[in-house]
Amino acid sequence: MKKQTATMQDPHATAKTLSEALPHLQRYSGAVVVVKFGGNAMGDDDAMAEFARDIVLMRQVGVNPVVVHGGGPMINEMLAKLGIKSEFVRGKRVTDKATVEVVEMILSGLVNKRIVQAINDQGGRAVGISGKDDDMMVCVADDPELGFVGTPVEMNVQVLRDLYAAGIIPVVAPVATGMADNETFNVNGDTAAGAIAGALQADRLLLLTDVSGVKNAAGEVMTQISPEEIRQMTADGVIAGGMIPKTETALLALEQGVRAVTILDGRLPNACLLELFTDHGAGSQIRSTEPRVKPRIRR
């Protein structure tokens, strides 16, 4: 009898959750949300399927998701197999011509198509492209000593608008073209996602990582942060290490017109749905404007 009662309660709890999500669903109907996918979740089949299901659900309820991915561990694995040694300058990998060819092969091929297949397997319609397609992302060298590591200087994102307007979910590999002919650049995944979000004037940029968010001096995750607080925490050394490029990406995206950026733990089940469609949210949201609330339509 107890087992039957528990079973009977589950549908009611699900219905209640859906009902409570209504204002959030209204808020993000028609919104463009750029999601940077990376970290350990990419190497786990179950986590990949769950992420893909969340993306398909977002599309189903009227959100226009654009997925941008990384793939560092897979690149490292292939370089090791091919016997290509990596050289580092100030902690950053030097990307020579041989290395950038491997990067393009892994990111635009293996990783990109795996994510596309996962989304399609969940009933979505996804198409994989890279920053080279339609000259979407044009770069210059970030640092001459690093070789073919690029910084975006020109963005042409109409191809993304055309895809999501047709109901297709774009999945973007962070590989870009250069100013010269036949020039290829590897772009940091967070940097690429921020540049794409800025060019699209996206409502939201979600940076999925392997950490729970931005922490204050006491080690507590901050759920709401202003750009001014980010700059002060960075100056004070509270934000350090790998979190610096993520927060820098967030600030640049906000300056380019993105409404809000959230840094959240991609290992958390249904992280994207928690952030967009619940009062609780997930991770650390950085914004300089008030949340957009869709006005009620009187008929």
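Let's start with the sheet. This is a predicted model, and in it four strands form an open sheet. Read across, the order is β7, β6, β9, β10. The pairing is mixed. Which strands sit at the edges? They are β7, residues 150-155, and β10. Each of these pairs on one side only. From one strand to the next, the twist averages 50°.

Now look at one pair, β9 and β10. These two run antiparallel. How many bridges join β9 to β10? There are 3. To find one by eye, go to Ala176. Its bridge partner in β10 is Phe185.

Next, the helices. Two of them are worth a look here. Helix α5 covers residues 97-121. It lies across β9 and β10. Its angle to β10 is about 70°. Helix α7 covers residues 189-200. That one lies across β6, residues 137-141, and β7. Helix α7 runs at about 15° to β7.

Back to β9 and β10, and the loop between them. β9 spans 175-178, β10 spans 184-186, and Met179 is found in the loop that links the two. Is Met179 buried or exposed? Exposed, because its relative accessibility is 60%, and the cut-off for exposed is over 50%.

Met179 also belongs to a surface patch. Which residues make this patch? Val140, Val153 and Met179. The patch is nonpolar, with an area of about 280 Å².

So, on your screens, follow this route. Begin at the edge strand β7. Cross the sheet through β6 and β9 to β10. Then stop at Met179, in the loop between β9 and β10.

Conventions:
Residues numbered from 1 in each chain as written. Predicted model: local features only at pLDDT ≥ 70, side-chain atom pairs only at ≥ 80, totals over all residues. Heavy atoms only, no water. Patch = residues over 30% accessible without salt bridge, like charges linked within 9 Å, V, L, I, M, F, W, Y side chains within 5 Å. Areas by Shrake-Rupley, 256 points an atom, 1.4 Å probe, with all protein chains shown as cover. Salt bridge = Lys/Arg side-chain N within 4 Å of Asp/Glu carboxyl O. Buried < 20%, exposed > 50% of the residue type's maximum accessible area, 1.4 Å probe, protein only. Pairing = 2+ DSSP bridges. Axes fitted to C-alpha atoms, helices over the stretch in contact; angles between N-to-C directions. Contact = heavy atoms within 4.5 Å.
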